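Hi everyone, thanks for coming. Please have the sequence and the picture open while I talk, and stop me if a word is new to you.

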Amino acid sequence: METRRIFLKRAGLSTLALSLPFTETLAAMDFQNDHKVLRVAIMGLGSYGSRVADAMINSKRAKLVGVISGTPSKVETWKKKYGIPDKNCYNYENFDEIKNNPDIDAVYVITPNALHKPQSIRVAKAGKHVICEKPMALNAAEGREMVAACKAAGVHLLVGYRMHFEAKTQEVVRQQRAGEFGKTLFFHGLSGFIIGDPTQWRLNYELAGGGSMMDIGIYSINGARYMLGEEPIWVTAQEVKTDLVKFKEGVDETIAFQMGFPSGAVATCLSTYALNNLDKFFLNGTKGFAEMQPSTGYGPIKAWTNKGPIEAEHVTHQTTQMDEMAAIILDGEKPMIPVDGEEGLKDLVIVDAIYKSIKTGEKVMIA
Ligand code: NAD
């Protein structure tokens, strides 16, 4: 059995294939062989979409094969730059037709936050795996709809949590889980940058669904969860605005927030669009500590503990992410830190609680 499992894995077969009778598995082999590489279409050819596309050039398991865009001139540029055929190019009106395209396995949604839910659900209904950028949606209710739609369609829903595959982050998490820091009772997360152009979608409530919290603060929420290895049970939050013109109703500039965990651990965090170089995680336990700065930028990430620096080669985050996501989708691999829709949903539940706490001025319990 072990030999067969290794053989199937080398052939790029999924765990789904493992449940088929061996003869059927062999029949599916050629088809599956084509899938050894995850063939990806990017939706939204903006700044992060371009970064992911460039990173995928060096990916061993994922290949950019298609685009979905509302801007024909961008499609022309991408076709030439990445060798994308006409038949794999779509716009926002016709991309449901991707269901008839056997040469695309997954669509990576890299558009403004408010579009993630409707676009991801359309992708799922077209029978393609969904990779969606963070925040997965505008709130937990939307997130649940996405999880349900992908489940109903039998496709994966993965969220672009690139830090979950970053080597130094993984080493800190490994040490925390191994008890190297003792009982970890405190996390400090700082996430921020100064936002520029006041006309950009990130400062438009309709498209962003909030402000710094939806964009950068979510890294501290997510980081607290993976660094402590547990889920918060309560949240308190306070909002501060120094620029009422730039940060309109519903668009937060700065939020301080705190989370409490079942073990008794607490997290204190800051999310802001008003300070640069704010990118730091600190974890303290009864036996030691870990510190990361920068902790979630594009890297290289720097990390050290009470025992000294953590050394690991810097690899472009999005290259590793796409390789690992291909292994999840094609081989049924389980990542050390989850990146599925349920994981994205957990962050959105906390985002909802943070906004509720600001509105009510009260501590919000998380069920
Ligand atoms: P961007 O503005 O550079 O690109 C957005 C793209 O969406 C553009 O190509 C734009 O044309 C397209 N688009 C489609 N419909 C649109 C509409 N109605 N309004 C505005 N633009 C529309 O933004 P970005 O920085 O690439 O961010 C896109 C997503 O990626 C966001 O959800 C963001 O949170 C996420 N992101 C993630 C990371 C990360 O490290 N994981 C980094 C940056 C951005």
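Let me begin with one term: two strands pair if DSSP finds at least two bridges between them. Also keep in mind that this is a predicted model.

Now to the first sheet. In what order do its six strands stand? The order is 3-2-1-4-5-6, the sheet is open, and the pairing is parallel. And why is one side of strand 3 and of strand 6 left without a neighbour? Strand 3, residues 89-90, and strand 6, residues 157-159, stand at the edges with a single partner strand each, so one side of each has no neighbour in the sheet. As general background, strands of a sheet pair through backbone hydrogen bonds, either parallel or antiparallel.

Let's walk through part of that sheet, starting from strand 4. Strand 1, residues 38-43, runs parallel to strand 4, and four bridges join them. One residue pair to find on your screen is Ile-42, which stands opposite Tyr-108 in strand 4. Strand 4 is also joined to strand 5, residues 129-132, by four bridges, and these two run parallel as well. Here Val-109 has Cys-132 in strand 5 as its bridge partner. To get from strand 4 to strand 5, the chain passes through helix 7, and this β-α-β crossover is right-handed. Going on, strand 5 and strand 6 run parallel, with three bridges between them. There, Ile-131 stands opposite Leu-158 in strand 6.

Stay with strand 4, residues 106-109, for a moment and look at its side chains. Which residues point which way? Ala-106 and Tyr-108 point one way, Val-107 and Val-109 point the other way, and all of them are buried.

Next, the ligand. The shell around the ligand has 23 residues, and the closest are Ser-47, Asn-113, Lys-134, Arg-162 and Trp-201. By class, that shell holds ten nonpolar, seven polar and six charged residues. Let me point out three polar atom pairs. A polar backbone atom of Ser-47 is 2.8 Å from an oxygen atom of the ligand. For Lys-74, a polar side-chain atom lies 2.9 Å from an oxygen atom of the ligand. With Glu-133, the partner of its polar side-chain atom is a nitrogen atom of the ligand, at 2.9 Å. How much of the ligand does the protein cover? On its own, the ligand has 830 Å² of accessible area, and the protein covers 79% of that. Helix 5 (47-56), helix 7 (113-125) and helix 11 (212-228) are the elements that give two or more residues to the shell. Helix 7, the one we met in the crossover, gives the largest share, three residues.

Now let's move along to strand 10, residues 266-272. Strand 7, residues 184-192, pairs with strand 10 in the parallel sense over seven bridges. Strand 9, residues 254-260, is also joined to strand 10 by seven bridges, but those two run antiparallel. You can see both pairings at Leu-270: Leu-190 has Leu-270 as its bridge partner, and Ala-256 stands opposite Leu-270. Strand 9 and strand 10 form a hairpin with five residues between the strands, and in that hairpin Gly-264 takes a positive phi near 105°.

Strand 10 also holds Ser-271. Is Ser-271 buried or exposed? Its relative accessibility is 0%, and buried means under 20%, so Ser-271 counts as buried.

Before I finish, a few backbone details. In general, most residues other than glycine have a negative phi, and most peptide bonds are trans. With that in mind, look at Asn-277, whose phi is positive, near 55°. Asn-277 lies in the loop between strand 10 and strand 11, and it is exposed, with a relative accessible area of 72%.

There are cis peptide bonds to look at too. One joins Lys-134 and Pro-135, with omega about -15°. Pro-135 is in the loop between strand 5 and helix 8, and Lys-134 is among the closest residues to the ligand. Another cis bond joins Gly-299 and Pro-300, with omega about 0°; Pro-300 sits in the loop between strand 12 and strand 13.

Last stop: Glu-291, in strand 12. Glu-291 is buried, at 14% relative accessible area, and its side chain makes a polar contact with the side chain of Lys-280, at 3.1 Å.

That's my tour. Thanks for listening!

How values were computed
Residues are numbered from 1 along each chain as its sequence is written. This is a predicted model: local features need pLDDT of at least 70, side-chain atom pairs count only at pLDDT 80 or more; totals for chains, interfaces and linings use all residues. Side-chain values use heavy atoms; hydrogens and water are left out. A residue is near a molecule or strand if one of its heavy atoms lies within 4 Å of it. A polar contact is a pair of N or O atoms within 3.5 Å; within protein, one must be able to donate a hydrogen and the other to accept it, and residues adjacent in sequence count only if both atoms are side-chain atoms. Accessible areas come from the Shrake-Rupley method with a 1.4 Å probe; for residues, only the protein chains shown count as cover. Ala, Val, Leu, Ile, Met, Phe, Trp, Tyr, Cys and Pro count as nonpolar, Asp, Glu, Lys and Arg as charged, and the others, Gly among them, as polar. Buried means under 20% relative accessible area, exposed over 50%, partly exposed in between (1.4 Å probe, protein chains only). A crossover is right-handed if, with the strands pointing away from the viewer, the path from the first strand over the helix to the second runs clockwise.
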